Amino acid sequence: MLKGKKIIIIGDRDGIPGISIEACVKSAGAEVVFSSTKCFACTAAGAMDIELQQKVKDITLEYGAENIVVVIGGAEAEASGISAETMAAGDPTLEGPLSGIALGLAVFHVVEPEIKGACSQLVYEKQCAVMEMVLDIDEIILEVRSIREKFCKYRNKQYEF
């Protein structure tokens, strides 16, 4: 699923950091084109900061939305949902460069079966498994999946298990 895709990683300081997600997706044969770790609790209402929105917009223009998968590591369902919505439907706060711009990107949380199953089990266990004990995995998956199903323009059967 990830092989041959350009990956944008948005890790979370209180969730799963970018460097851990990066190790996982690389083990699945993906090409990481951008990786960052943010503190979503530190931004207003969990919104993506302006610089990060611009970076995602620029990368999407460079590679094409159909070639990009975004993998996030948010600690909470709500913050993960806002991140996913921003990258798929546009900035819901109407403050940043993605305000009114629906990129339609495929956004997944690293704990979702589609990503977890594509990665080396050993790498995933080492990098992310501990956080599964403290995150509300079911709630996060439900939130991010609902955003993806509603707004992703480039859904593909290869993304679904």
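Trainee: In this predicted model, which residues gather in a patch of negative charge on the surface?

Mentor: The model is predicted, and the patch is a feature of its surface. One of its members, Asp-138, lies in helix α7, which spans residues 137–151. Asp-138 has a relative accessible area of 63%, and because the cut-off for exposed is over 50%, Asp-138 is exposed. The residues of the negative patch are Glu-76, Glu-78, Asp-136, Asp-138 and Glu-139.

Trainee: Which residues form a nonpolar patch on the surface?

Mentor: One member, Met-133, is placed in the loop between α6 (129–132) and α7. Met-133 counts as exposed, at 65% relative accessibility. The patch has about 350 Å² of accessible area together, and its residues are Val-130, Met-133 and Val-134.

Trainee: How many residues of strand β1 are buried?

Mentor: Strand β1 covers residues 6–12. In a regular strand the side chains alternate between the two faces of the sheet. On one side of β1, Lys-6, Ile-8, Ile-10 and Asp-12 are buried, and on the other Ile-7, Ile-9 and Gly-11 are buried, which leaves both faces covered. The number of buried residues in β1 is seven of seven.

Trainee: What is the bridge partner of Ile-10 in β2?

Mentor: Strand β2 comprises residues 31–38 and runs parallel to β1, with seven bridges joining the two. Ile-10 belongs to the face of β1 that also holds Lys-6, Ile-8 and Asp-12. Its bridge partner in β2 is Ser-36.

Trainee: Which residue forms a salt bridge with Glu-31?

Mentor: Side chains of opposite charge can pair when their charged atoms come close. In the salt bridge of Glu-31, the closest N and O atoms are 2.6 Å apart. The pair links distant parts of the chain, with Glu-31 in strand β2 and its partner in strand β1, 25 residues apart. Glu-31 is partly exposed at 39% relative accessibility, whereas the partner is buried at 19%; that partner is Lys-6.

Trainee: How many residues apart are Lys-26 and Glu-22?

Mentor: The side chains of Lys-26 and Glu-22 meet in a salt bridge, at 3.0 Å from N to O. Lys-26 counts as partly exposed, with 48% relative accessibility. Both residues lie in helix α1 (residues 18–27), and their separation is about one turn of the helix, that is, four residues.

Trainee: Why does the salt bridge between Arg-148 and Glu-112 tie together parts that are apart in sequence, and how many residues apart are they?

Mentor: The side chains of Arg-148 and Glu-112 meet at 2.9 Å, N to O. Arg-148 lies in helix α7, whereas Glu-112 lies in the loop between β4 (106–109) and α4 (113–116), so the pair joins parts of the chain whose separation in sequence is 36 residues.

Trainee: Are Arg-148 and Glu-112 buried or exposed, and which residues are joined with them into one network?

Mentor: Arg-148 has 2% relative accessibility and counts as buried. Glu-112, at 0%, counts as buried too. Salt bridges that share partners join this pair into one network with Glu-114 and Arg-145.

Trainee: How many salt bridges does a search of the whole structure find?

Mentor: The pair of Glu-31 and Lys-6 is one of them, and the pair of Lys-26 and Glu-22 is another. Arg-148 and Glu-112 also form a salt bridge. The search of the whole structure gives a total of nine.

Trainee: What is the phi of Leu-94?

Mentor: Most residues other than glycine have a negative phi. Leu-94 is not a glycine, yet its phi is positive. Leu-94 is placed in the loop between α3 (77–88) and β4, and is exposed with a relative accessible area of 61%. The value of its phi is about 60 degrees.

Trainee: What separates the C-alpha atoms of Ile-141 and His-109?

Mentor: Ile-141 is found in helix α7. At 12% relative accessibility, Ile-141 counts as buried. Ile-141 and His-109 are 32 residues apart along the chain, and their C-alpha atoms are separated by 7.0 Å.

Trainee: How far apart in space are Glu-125 and Cys-24?

Mentor: Glu-125 lies in helix α5, residues 121–127, and counts as partly exposed at 43% relative accessibility. In sequence, Glu-125 and Cys-24 are 101 residues apart. In space, C-alpha to C-alpha, the distance is 9.3 Å.

Technical notes. Residues are numbered from 1 along each chain as its sequence is written. This is a predicted model: local features need pLDDT of at least 70, side-chain atom pairs count only at pLDDT 80 or more; totals for chains, interfaces and linings use all residues. Side-chain values use heavy atoms; hydrogens and water are left out. Patches are made of residues with over 30% relative accessible area and no salt bridge: like charges are joined within 9 Å, nonpolar side chains (Val, Leu, Ile, Met, Phe, Trp, Tyr) within 5 Å. Accessible areas come from the Shrake-Rupley method with a 1.4 Å probe; for residues, only the protein chains shown count as cover. A salt bridge is a side-chain nitrogen of Lys or Arg within 4 Å of a carboxyl oxygen of Asp or Glu. Lys and Arg count as positive and Asp and Glu as negative; His and the chain ends are not counted. The place of a charge is taken as NZ of Lys, CZ of Arg, CG of Asp or CD of Glu. Buried means under 20% relative accessible area, exposed over 50%, partly exposed in between (1.4 Å probe, protein chains only). Two strands pair if DSSP finds at least two bridges between them.
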